[in-house]
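Dear colleague,

Please find below the structure that I am handing over to you. I would be grateful if you could look through it before reading the notes underneath.

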Amino acid sequence: MRFDLTPLLRRPLGQAFLVALLTALCVLPGIASIPTIDRDEARFVQATRQMLDSADWHGYIVPRFGDQLRLQKPPAIYWVQSASVAALGGMDRGPEAIWMYRLPGAIAAIATALATWWLGRSMFGALTGTLAGILIGICPLVAFDAHQARADQVMVAVTTWMMVLVWRLWTTRDAGTPWVTVAGLYGLCAVGILLKGPITPFVLGSTVLCMAAATRRWSWIARSQPWTGAVIVLAIVVPWVILAAREIGGNTIAGAIRREVFERAGSGMEGHWAPPGYHLVLLPVLFFPGSLLTGLAIQWAWSRARRARSTHSLPARIWSSLTSRGGRQPELFLLCWLVPTWIAFELVATKLPHYVLPCYPALALLSARAVVGGMSSLPHALEPVHRFGYGLWAVIGCLIGWMPAGLMVALHYAGLLNDQNLGWSLGLGSSAFVLVVASGGYGTVLMWRARHSALRGDFGSAIRSGIALTVMSLVCTMGIVLPRVPAPWITTRILEHAQREASDRGLNALPAMAAVGYVEDSLLFESGRRVERLGVDELSAWIDQHPDGLVIATTGLVDGHGPASAPRLQPIESSLTRGFNYSKGRVVEVMLYAVVPLR
């Protein structure tokens, strides 16, 4: 049975509904049931929690993580998360309220997809816009990032809507300067700065400059009202800078900017160095299924320029072709958005997969344009590289389809799929495993069909199969597997043991606790700051001060063989927790130890 979506897609409201629905299917399952993720998310939510717990408004000026300043990011994301938690009644709730912190990111992912749809609809038509919105809304990078309470998704949504206004300003260049558009554009740019620093203004500035250079319309820069924009941005950003300088000093803020912008660009901070090309290598996987024609879509834009009949130099011919009539200005705009920003992220020394998210709306629009257009400019005879590319894309799709089942099998053979002491049970004979295997098998069939469709030039059928597979896999992974497998969630499990121990002692809350060896950031948030993270040489003094406390430690440190061996610690054998510490990439064993009072 086939469902005809044509009536739904005839109206803008129906198009927006489809984009939002498919995005929600990928970003909402699991946001309430997946425990706090180390390390970035744990730091964000704990800093937000401390803002909510602050005695007055001064606590909202400078974020703090524990007793340390958290100046890696500006404060806007903490304000947004605080508003979400307060509005949803999570002020007095513990880690079970994690979904309230994540909700702004999930909503922002939907907003990004809708902005991409809106922009594509105005550039290329309803079908291309709808497909572009779907491609960015369901891609694995967006889905995984939206499940973490961080700044990136909100920043990308703000940046994408800003680019909608930039495009509007460009297309109305002969009708006078629309002041509402200019005010909205630079207002969003200022919000982007308060969310994640220089990324949003870099996207804006590089696009405007490239468009002016490409078209030789330098008056476009003046028409974008940069001086007015600077006043708007400063009016929004400077008040926070002044208040923060009064709280912690201007030199501290300047040092944070120098460290987070310039040092991060020049050297791989926190071990996150990667060579140029890192993001390009990951693109086919993280942008699936949109990566089917992404490379060809960009090549197509340039090949059209090379065929332009002109006696000018090659760069002039390229720009002349791209800016001529026939719908090529949208492609120029997208290239000016994509290329400078992508190159900048490839050249920056510190790299993480989600850094290039601001480029993904432009990629989605170019890719959707290629799929809908059928790549009519390509030769009818497929070249070997095309066959290889479609085959590789199908293999990636199969791997994504089998991801939830493969994760369960790998954990089973590593002995990490169950924790019977706490009732975390997800065996290979469970109904969940049958479901994810069925999903993987059906996904393989879809990819086999998709490859054959692509080889015939039926890219629409191929991309529909890829969309179906991706949605199924992400729902299974985020909604079924990750919330129920015990291996990654060491903090949640060891604190469950601590809560049991507290109940056995007749306590209503966790006792004073220390952590040695296993000191992940999620311990602070999930314990309500009841856990102090210590070095091995600090443990003895802590034990003297807390005769009724509990100690969380990796088993090698306090079993009589390590440097933190302490005869006053009694192991609680039933609390042995074995799991995979994904932050460090290794399997660890953690146990609770009770402090033995002196007699």
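The notes below go from the chain as a whole to its interior and then to its surface.

Please bear in mind that this is a predicted model. The chain contains 25 helices and 8 strands. It has 599 residues, and 53% of them count as buried. Among the contacts in the chain with a separation of 6 or more, 74% are between residues 24 or more positions apart. The accessible surface of the chain amounts to about 26,000 Å², and carbon and sulfur atoms contribute 62% of it.

As to the interior, the largest nonpolar core comprises 121 residues. Leu292, Phe333, Leu334 and Tyr360 have the most contacts inside this core. Helix H8 (residues 152-171) supplies the largest share of the core, with 13 residues. Another core, of 19 residues, lies apart from it and includes Ala405, Val436, Val481 and Leu482.

Leu292 may serve as a starting point for inspection. Leaving aside residues up to four places away in sequence, Leu292 touches Tyr390, Trp393, Ala454, Phe459, Ala462 and Ile463.

On the surface, Phe17, Leu21 and Leu25 make a nonpolar patch of about 270 Å². Leu25 is part of helix H2, which spans residues 12-27. Is Leu25 buried, partly exposed or exposed? Leu25 counts as partly exposed because its relative accessibility is 35%, and the partly exposed class lies between the buried limit of under 20% and the exposed limit of over 50%.

With kind regards

Definitions and conventions
Residues are numbered from 1 along each chain as its sequence is written. This is a predicted model: local features need pLDDT of at least 70, side-chain atom pairs count only at pLDDT 80 or more; totals for chains, interfaces and linings use all residues. Side-chain values use heavy atoms; hydrogens and water are left out. Patches are made of residues with over 30% relative accessible area and no salt bridge: like charges are joined within 9 Å, nonpolar side chains (Val, Leu, Ile, Met, Phe, Trp, Tyr) within 5 Å. Accessible areas come from the Shrake-Rupley method with a 1.4 Å probe; for residues, only the protein chains shown count as cover. A salt bridge is a side-chain nitrogen of Lys or Arg within 4 Å of a carboxyl oxygen of Asp or Glu. Helices (H or I, at least four residues) and strands (E, at least two) are DSSP runs, numbered from the N terminus. Buried means under 20% relative accessible area, exposed over 50%, partly exposed in between (1.4 Å probe, protein chains only). A nonpolar core is a set of buried Ala, Val, Leu, Ile, Met, Phe, Trp, Tyr and Cys residues joined through side-chain atoms within 4.5 Å. Contact means heavy atoms within 4.5 Å.
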